[in-house]
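The following report describes one protein model for a reader who has not met it before. Please keep the sequence and the three-dimensional view at hand while reading.

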Amino acid sequence: MKNESKDDITLKIISMIDKIRPYLIGDGGDIEFIKYEDSKVYVKLTGACAGCSLIDVTLKEGIEEMIITEIPEVTEVINVD
């Protein structure tokens with residue numbers, strides 16, 4: 001495992017979220033980074049994403065998969081209300 005600081009990992013996470021954001025905005029939604037703690041990323045899906053019935057699919061099979069693939073230190077992405 002790489003010896004990266006929490007700040008380094010947080011910057012990578014924010015960079016990944018910035019790459020994902022345009023796709024969500026295109027569908028009327030958005031994503032906000034909340035925090036990185038205990039290998040988990042906490043985000044808030046807003047706009048059309050917040051009320052969408054496919055929010056869990058978007059979160060787990062889209063956002064989480066992309067972030068974990070690029071940043072192995074992350075084990076889960078959690079949406080907070």
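K35 is partly exposed, with a relative accessible area of 33%; in this report buried means under 20% relative accessible area, exposed over 50%, and partly exposed in between, computed with a 1.4 Å probe on protein chains only. The model is a predicted one, in which local features need pLDDT of at least 70 and side-chain atom pairs count only at pLDDT 80 or more, while totals for chains, interfaces and linings use all residues. Residues are numbered from 1 along each chain as its sequence is written, and side-chain values use heavy atoms, with hydrogens and water left out.

**Salt bridges**

The side chain of K35 meets that of E37 in a salt bridge, with 3.4 Å from N to O. A salt bridge is defined here as a side-chain nitrogen of Lys or Arg within 4 Å of a carboxyl oxygen of Asp or Glu. E37, at 32% relative accessibility, also counts as partly exposed. Elsewhere, D18, R21 and D30 are joined into one network by salt bridges that share partners. The structure holds six salt bridges; three of these are listed below.

| Salt bridge | Closest N to O distance |
|---|---|
| R21 and D18 | 2.7 Å |
| R21 and D30 | 2.8 Å |
| K35 and E37 | 3.4 Å |

Why are R21 and D18 separated by about one helical turn? The two residues are three residues apart in helix α1, so about one turn of the helix lies between them. R21 is partly exposed, with a relative accessible area of 21%. Its partner D18 is partly exposed at 42%, and D30 is partly exposed at 25%.

**The sheet**

Helices (H or I, at least four residues) and strands (E, at least two) are DSSP runs, numbered from the N terminus. Three strands form an open sheet in the order β1-β2-β3, with mixed pairing. Its edge strands are β1 (29-37) and β3 (76-79), each of which pairs on one side only. On average, neighbouring strands of this sheet are turned by 30° against each other, direction ignored. Axes are lines fitted to C-alpha atoms, for helices over the stretch in contact, and angles run from 0 to 180 degrees between N-to-C directions.

Strands of a sheet pair through backbone hydrogen bonds, in either a parallel or an antiparallel manner. Two strands are taken to pair if DSSP finds at least two bridges between them. Between β1 and strand β2 (residues 40-47), eight bridges are found in the antiparallel sense. G29 has G47 in β2 as its bridge partner. The strands β2 and β3, in turn, run parallel and are joined by four bridges. There, V43 stands opposite N79 in β3.

The loop between β1 and β2 contains D38 and also S39. D38 has a phi near 50°, a positive value in a residue other than glycine. S39 likewise is not a glycine, yet its phi is positive at about 70°. D38 is exposed, with a relative accessible area of 64%, whereas S39 is partly exposed at 27%.

**The helices against the sheet**

Helix α1 (residues 6-26) lies across β1 and β2 and runs at about 170° to β1. Helix α2 packs on the sheet and touches β1, β2 and β3, its direction making about 145° with that of β3. Contact means heavy atoms within 4.5 Å. Together, β2, α2 and β3 make a right-handed β-α-β unit. A crossover is right-handed if, with the strands pointing away from the viewer, the path from the first strand over the helix to the second runs clockwise.

**Two buried residues of helix α2**

Is I67 in helix α2 buried or exposed? I67 is buried, with a relative accessible area of 0%. Leaving aside neighbours within four places in sequence, I67 is in contact with M16, I17, I20, V74 and V77. I67 and V41 are 26 residues apart in sequence and 9.1 Å apart in space, C-alpha to C-alpha.

E64 is found in helix α2 (residues 55-70) and is buried at a relative accessible area of 13%. Its side chain reaches the backbone nitrogen of V77 at 2.8 Å. A polar contact is a pair of N or O atoms within 3.5 Å; within protein, one must be able to donate a hydrogen and the other to accept it, and residues adjacent in sequence count only if both atoms are side-chain atoms. Not counting residues up to four places away in sequence, E64 touches L59, E76 and V77.
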